[in-house]
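User: Please take a close look at a single part of this model, one strand and what surrounds it. I am a first-year student, so give the cut-off for each term you use.

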Amino acid sequence: MRPVKGQMLCLRMDARLPLLRHVVWTPGTYLIPRLDGRLLVGATTEERGFDDRLTAGGQFALLEGAWRALPGIAELPIEEAWAGFRPGTRDDAPILGLSEVEGLVYATGHHRNGILLTPVTADSVARLVLTGESDPVIRPFALDRFAQPKGAAA
């Protein structure tokens, strides 16, 4: 596992007359309007270890991407900015399934897709925990896919 840094920011719209009422996805950013007038702009994807500092380049990339999609944001105040970490694996796919430790089940490493993969992950992991059966959909995501073949140099 490795941390994948993501910077985000929040702009403030007039809640009575928002510039946007639905989520917008662009090649480099996404815009998420909230009913209270917040407009979330996300998110970078950076390989920076656990460095949680905000950077001018990261914030600029978010603002430029948001502005290209919705030029009206130019006058909105910046309310907040932050950085967080997503769990990533070597192949950027999740690790799902049983571990070598009795009673420990993996459901991690979803990278940018955690919210999107939550339903299938929850259903498959619940089935595994409750019945001991591994859903075929999660088998390719077992931890052993990273095991070196026998006889391979470490």
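Analyst: **One strand between cores and a pocket**

The largest nonpolar core has twelve residues: Leu9, Leu11, Met13, Leu20, Leu31, Leu39, Val41, Leu62, Ala66, Leu70, Ile73 and Leu76. At least two of these residues come from each of β1 (2–12), β4 and α1 (56–69). A nonpolar core is a set of buried Ala, Val, Leu, Ile, Met, Phe, Trp, Tyr and Cys residues joined through side-chain atoms within 4.5 Å. Buried means under 20% relative accessible area, exposed over 50%, and partly exposed in between, with a 1.4 Å probe and protein chains only. Another core, of six residues, lies apart from the largest one, and Tyr30 is among its members.

The model is predicted, so local features need pLDDT of at least 70 and side-chain atom pairs count only at pLDDT 80 or more, while totals for chains, interfaces and linings use all residues. Residues are numbered from 1 along each chain as its sequence is written, and side-chain values use heavy atoms, with hydrogens and water left out.

The strand to follow is β3, residues 30–33. Helices (H or I, at least four residues) and strands (E, at least two) are DSSP runs numbered from the N terminus. In a regular strand the side chains alternate between the two faces of the sheet. Tyr30 and Ile32 of β3 point one way, Leu31 and Pro33 point the other way, and all are buried. Leu31 belongs to the largest core, and Leu31 is also touched by Leu70, as are Leu19, Leu20 and Leu39, leaving out residues up to four places away in sequence. Contact here means heavy atoms within 4.5 Å.

β3 has strand partners, where pairing requires at least two DSSP bridges. With β2 (residues 24–25), β3 runs antiparallel through two bridges, and Val24 is the bridge partner of Leu31. A hairpin of four residues links β2 to β3. With β4 (residues 38–42), β3 is antiparallel over four bridges, and Val41 stands opposite Leu31. That hairpin also has four residues between the strands, and Gly37 takes a positive phi near 100°.

Tyr30 and Ile32 also line the largest pocket, as do other residues including Val23, Trp25 and Arg86. β3 and α2 (114–131) are the elements giving two or more residues to this lining. A pocket, on a 1 Å grid over the protein atoms alone, is an open set of points where a 1.4 Å probe fits, with protein on both sides within 12 Å along at least five of seven lines; lining residues have an atom within 4 Å of a point.
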